[in-house]
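Subject: Structure for your review

Dear colleague,

Please find below the sequence and the structure that I would like to hand over to you. My findings follow directly after them.

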Amino acid sequence: MGELSRLTLAEARDRLRARDFTAAELTDDCLAAAEAAAVLNAFTPPTPDLARAQAAAADARLAKGDAPDLCGVPLGIKDLFCVEGAPAQAASRILEGFRPPYESTVTARLRERGAVMLGKLNMDEFAMGSSTETSAFGPAISPWRRRGDAAPLTPGGSSGGSAAAVAADLCLGATGTDTGGSIRQPAAFTGIVGVKPTYGRCSRWGIVAFASSLDQAGPMAKSVTDAAILLSAMAGHDPKDSTSANRPDEDFAAGLKGDLRGRRIGVPREYRVDGMPAEIEALWAKGSDMLRDAGAEIVEISLPHTKYALPAYYVIAPAEASSNLARYDGVRYGRRARIGAGDGVTELYERTRAEGFGREVQRRIMVGAYVLSAGFYDAYYLRAQKVRTLIKRDFEQAFDAGVDAILTPATPSAAFGIGDMADADPVQMYLNDVFTVTVNLAGLPGVSVPAGLDAAGLPLGLQLIGRPWDEKGMLDAAFALERACGFAAKPGQWW
């Protein structure tokens, strides 16, 4: 066969039900594609035995006519999700060899709906990064390359392995998590669709925590329709997660029409940042025209506290990370450092954490501990939380004024090279999140849609931000944008 992994999720679903091929054949095709693309370092590791067992079970359900939307569909799972019987290491040495005896709610929902797990996907360590270069497994590599240039590029982060696997047709969809843009930025870098749902839409139970008030799971897929199908399966109330919203399940793919007549799309003036490349400015303007042609009214809006979002985020997220990561101490599970005969538990903690955590994680833990410490809590953490409230209010005022969704760039540039920012000020890397962190701070849904290529032939994305709990309306606008852009570019297979 050799071509089944190139199908969209929706196409595979329909053809599996028509019995054009079996789930086992589709799964084997994806596993072969993943093996051939090992140089991308997207899977860490693949789980072929588990995948084939799940595919056999899916074929049995399909034969009986008991076939939910995802039955037999091969997916990749970000290494942040706990899956019973598979490693869950969050791309960190400190969780080396950890196999959870339980399943995350999101992956359990996918499994119940017949999805096949091909393996765990590479990511930035504990989801802290924008390039997947902080992974203990080594960086994931984008399947894209600049025209005429063989230099390896980042697929973005922290869900870089998920983005690379979907873009390279190694799986039909993947899970990601988004704390400050970790689904939308890699989706934009690799020419796929990534959805960050409203905070509370998907359960966080069984997902390794980074910043608990910001983390949210979401789908990464080849199209808006595929992402909507995946989100419908992933989302739902979970009593095990106190932040999970008790809302009815929805079919987000139903009714995707792309007819925006009577809808108002806001364009925030504050997102025109200094130094924005002309290509991104032009793409943004083109996106506005496309949505106008689909029937929407385009209005300029103001989100005045946008300029404070990035510094507020990089106070709040490290503060929560320093608290969440205190549990990794070498005592209960994961890595344990060797200590001398005269050493005590304090030395065990110190050496385990020094050996187990990478440099970026250590940096954020120290920043977080600092802003929460006596004498600095009010000056930094409390003030950042006040700014967060103001940012959320900006969005509320825009929506109250009749705006249905907001259009912005997804990233300030196309993908950069592996190692390009290795010696740079860490803030330069953090600036990749300049258009995405506001969505997390306000708890809103957002989606990145591939919209064009830059002069070097690399994907560029546009972001739509929706009203709280209006993923259906946001995805309908994204569907209209996707249809108007007609983005069909794929990376040339160099691997």
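Asp 169 takes a positive phi of about 60°, just after helix 5. Please bear in mind throughout that this is a predicted model.

Helix 5 itself spans residues 160–167 and is mostly covered, with 8 of its 8 residues buried. Those residues are Gly 160, Gly 161, Ser 162, Ala 163, Ala 164, Ala 165, Val 166 and Ala 167. What do the buried residues of helix 5 pack against? Their partners are strand 1 (43–46), strand 2 (74–78), strand 3 (116–121), strand 4 (173–178), helix 6 (184–190) and strand 6.

Strand 6 (216–221) also borders a loop, which connects it to strand 5 (193–196) and contains Thr 198. Is Thr 198 buried or exposed? Its relative accessibility is 2%, so Thr 198 counts as buried, the limit being under 20%. Leaving aside residues up to four places away in sequence, Thr 198 touches Gln 216, Gly 443, Leu 444, Pro 445, Arg 467, Pro 468, Trp 469 and Glu 471.

Leu 444 is also touched by Phe 395. With the same sequence neighbours left out, the other contacts of Phe 395 are Tyr 271, Leu 303, Ile 406, Thr 438, Ala 442 and Ile 465. Phe 395 belongs to the largest nonpolar core, which has 153 residues. It is among the residues with the most contacts inside that core, together with Leu 110, Phe 126, Leu 170, Leu 464 and Leu 475. Helix 9 (residues 309–324) gives the most to this core, namely 10 residues.

I turn next to a pair of helices. Two packed helices are described by the angle between their axes and by the distance between those axes. Helix 1 (residues 9–17) packs with helix 7 (residues 224–234) at an angle of about 70°, and their axes are 8 Å apart. Helix 1 is therefore roughly perpendicular to helix 7. On the side of helix 1, the contact is made by Leu 9, Ala 10 and Arg 13, and on the side of helix 7 by Thr 225, Asp 226, Ile 229 and Leu 230. These residues divide into 4 nonpolar, 1 polar and 2 charged.

Finally, a word on the cysteines. How many disulfides does the structure hold? The number is 0. For Cys 82, which is in no disulfide, the nearest cysteine sulfur is that of Cys 202, 16 Å away. Cys 82 is buried, with a relative accessible area of 3%. Cys 485 is buried as well, with a relative accessible area of 18%.

Yours sincerely

Technical notes: Residues are numbered from 1 along each chain as its sequence is written. This is a predicted model: local features need pLDDT of at least 70, side-chain atom pairs count only at pLDDT 80 or more; totals for chains, interfaces and linings use all residues. Side-chain values use heavy atoms; hydrogens and water are left out. A nonpolar core is a set of buried Ala, Val, Leu, Ile, Met, Phe, Trp, Tyr and Cys residues joined through side-chain atoms within 4.5 Å. Buried means under 20% relative accessible area, exposed over 50%, partly exposed in between (1.4 Å probe, protein chains only). Helices (H or I, at least four residues) and strands (E, at least two) are DSSP runs, numbered from the N terminus. Contact means heavy atoms within 4.5 Å. Axes are lines fitted to C-alpha atoms, for helices over the stretch in contact, and angles run from 0 to 180 degrees between N-to-C directions. Angles under 35 degrees count as roughly parallel, over 145 as roughly antiparallel, 65 to 115 as roughly perpendicular and the rest as oblique. Ala, Val, Leu, Ile, Met, Phe, Trp, Tyr, Cys and Pro count as nonpolar, Asp, Glu, Lys and Arg as charged, and the others, Gly among them, as polar. A disulfide is a pair of cysteine sulfur atoms within 2.5 Å.
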